[in-house]
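Visitor: I'm new to this one. Could you take me through a single small sheet up close, and then show me the whole around it?

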Amino acid sequence: MPVFAANLTMMFNEWAFLDRFDAAAEAGFAAVEYLFPYEATPEAIAERLARNNLQQALFNLPPGDWAAGERGIAALPGRFDALKADVERALDYAAATGVRRLHLMAGIADRHDEDASSAYRRSVTYAAGRLAEKGIDLLLEPINGRNMPGYFLNDFGAAERLIAECGLPNLKLQFDIYHRQIIHGDVTIALRHLLPIAGHIQIASVPSRNEPDGEELNYPYLFGEIDRLGYDGFVGCEYIPRGHTLDGLGWFKPFARSSTMAILLGSIADDYTGASDLANTLTKNGLRTVQTVGIPDPSLALPDVDAVVVSLKIRSVPASEAVTAATSAERWLRQRGAGHVLYKICSTFDSTDAGNIGPVTEALSEAAGGGVVLVTPAFPETGRTVYFGHLFVGGQPLNESPLKDHPLNPMHDANLVRVLTRQSRNAVGLVDLTTIAAGPGAVKMRLDSFSFRTAGVTAVIADAIFERDLETLGEVALETPVSTGASGLGLGLARALVRSGRISSGGATTANAIRPVGGLSAIVAGSCSKATLHQLDIAERSMPVLRLDPERLLAGPDEIAAAISWAGERISAGPVVIAASAAPETVSRLQSLYGREASGHAIETATSIITAELVERGVRRLVIAGGETSGAAVDRLAIPAFLIGPEIAPGVPVLRTIGNAQGDMLLALKSGNFGGEDFFTAALAVMR
């Protein structure tokens, strides 16, 4: 999160100037700025800075005769000697305060007047050269004509061109977001373009120029973008109404130097088990992570974390529903500071040709201002690799592997460029392994060649065979607002964040997540994958297993009631297993009789009812197998969020409930294909 500087000219005006330093420190600010220091002595200002442990972020060089309407003299012909004297006066204050950035006001003049332009360039060149001798940057700030009619420098493009033409390393842009929005708009794209030459940022709401807590701009999103872009300077707060201290600054309190940091990485998962898989990966790679179930209620208190994974159930719903849900989650994450949002999909990319990966990816890209999105389901740890755009599972092309027969979204094409193209409005590109092996720079150049404006590409499939490929992709993706991929891409993003030095220590740990909860234990399975069916066979050797008749579940409530009665007779003696899982041929027969969607929904509903009844009878340690089964059960239990605990098996962590009406519970939500043959007993051994 940026380091904020209070503007003492515009804030805390009920105090005398020097007393505002004390007020700013008490309010929680780490630095201060102001228009002009010249009515106080350099020594008095230095004393207040030291007393309050404040840094001096910025002030302006003398502006000429302010009372007479002058707003700087740099662009005024015939005032060069006065400007040289003003530079020396400002340097006296710089030496006392330790400031490393000074702003040169241009003045009221016609920007198209040749004499004014010549005077301004001469003044800028001289002042920058003199300040460079002291290790100080000179800043140029475009100011809008509504607040300062007739100001010479009123265009960001003109400032950018002058900085480039002068070629002075200490000549930089003062990027005032308030002025940018009024002059040009397009703030986010401008930040991405201009931040390399920016020496300072300032903020205020638009249009009222009050505290940045609403109106036209989403400042939490912009703070996240500033972090994502790697800006490490100050952000000046231009205005807060009279009398406001930290307790009254609703917008500022989450960002004070002693308080919670905004999240750095947001993710939108298309199902609940995939969310757990990603949250587990982020936690293992150094990020404090919470998984929410849907968009949380505002009243839900979440712990301090680096990443939030919003779990949705949009893997198999109509594309329009998926887009609506995903973009709502994206707005929630951006509002909490997420600079990058990962759309987490399954590592088998399972989606029909009319599926959701393409539409959601394009919608998220548009919501973030456009740009090319990296897409990869690769996760070598679980045997998923991508080569020349083709997805392999354990060395087999996806369409030849056992995973081709997903009951809802069977996959019969391993060529992901072709699959995603059929879902997308725009073209789909490829970044091949040779490019990725050449490093982040080569990948960025390849993405630049896919610019939407020139090639009509918004999504690019990326190869990945090894973890080092994912690390390269994560570093590149983190510099963009959106990516799409499986947990492997999450691994790359997490490691890039850790390398950036932006991850805080402390907070919730995996040890906290598995504190004992007591209560009974149960396992509910709905997955029909080969792995889950084998895990059920192994579990049957050590605990009672009830295999439900899927056809009877579809026929009415009797099978549900029988299952609950069966569990009630046995659960006090130890864990029980209730499974609606069936062999592929049984699933196919039911789907042909009742329809794919109807049969799947009926079984999910039945298993969720059984799960809720088990919890009602005292189950507090719960293992659920199957993505759709997990989603239906968690929804019925109305669990709002999870803290991520240690890993049980690759992709499956222990989850501790947050804000749960039934009290603390430990859960494991397992994708059907995950885990070894003894997964169920291993999970219960960890969850005590």
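Guide: Here is a walk through one sheet, followed by the protein around it. This is a predicted model, where local features need pLDDT of at least 70, side-chain atom pairs count only at pLDDT 80 or more, and totals for chains, interfaces and linings use all residues. Residues are numbered from 1 along each chain as its sequence is written, and side-chain values use heavy atoms, with hydrogens and water left out.

Our sheet is an open one of three strands, ordered S14-S15-S16 and paired antiparallel. Strand S14 (384-387) and strand S16 (396-397) are the edges: each has a single partner strand, so one side of each has no neighbour in the sheet. Strand S15 covers residues 390-393 and pairs with S16 in the antiparallel sense over two bridges; two strands pair if DSSP finds at least two bridges between them. In one of these matches, Val-393 has Gln-396 in S16 as its bridge partner.

Now step back. The protein has 25 helices and 26 strands, which are DSSP runs numbered from the N terminus (helices: H or I, at least four residues; strands: E, at least two). Its C-alpha atoms fill a box of roughly 95 × 50 × 35 Å along the principal axes. Of the 688 residues, 58% are buried, meaning under 20% relative accessible area with a 1.4 Å probe, protein chains only. As for contacts (heavy atoms within 4.5 Å), take those between residues at least 6 apart in sequence: 74% join residues at least 24 apart.

Methods. Buried means under 20% relative accessible area, exposed over 50%, partly exposed in between (1.4 Å probe, protein chains only).
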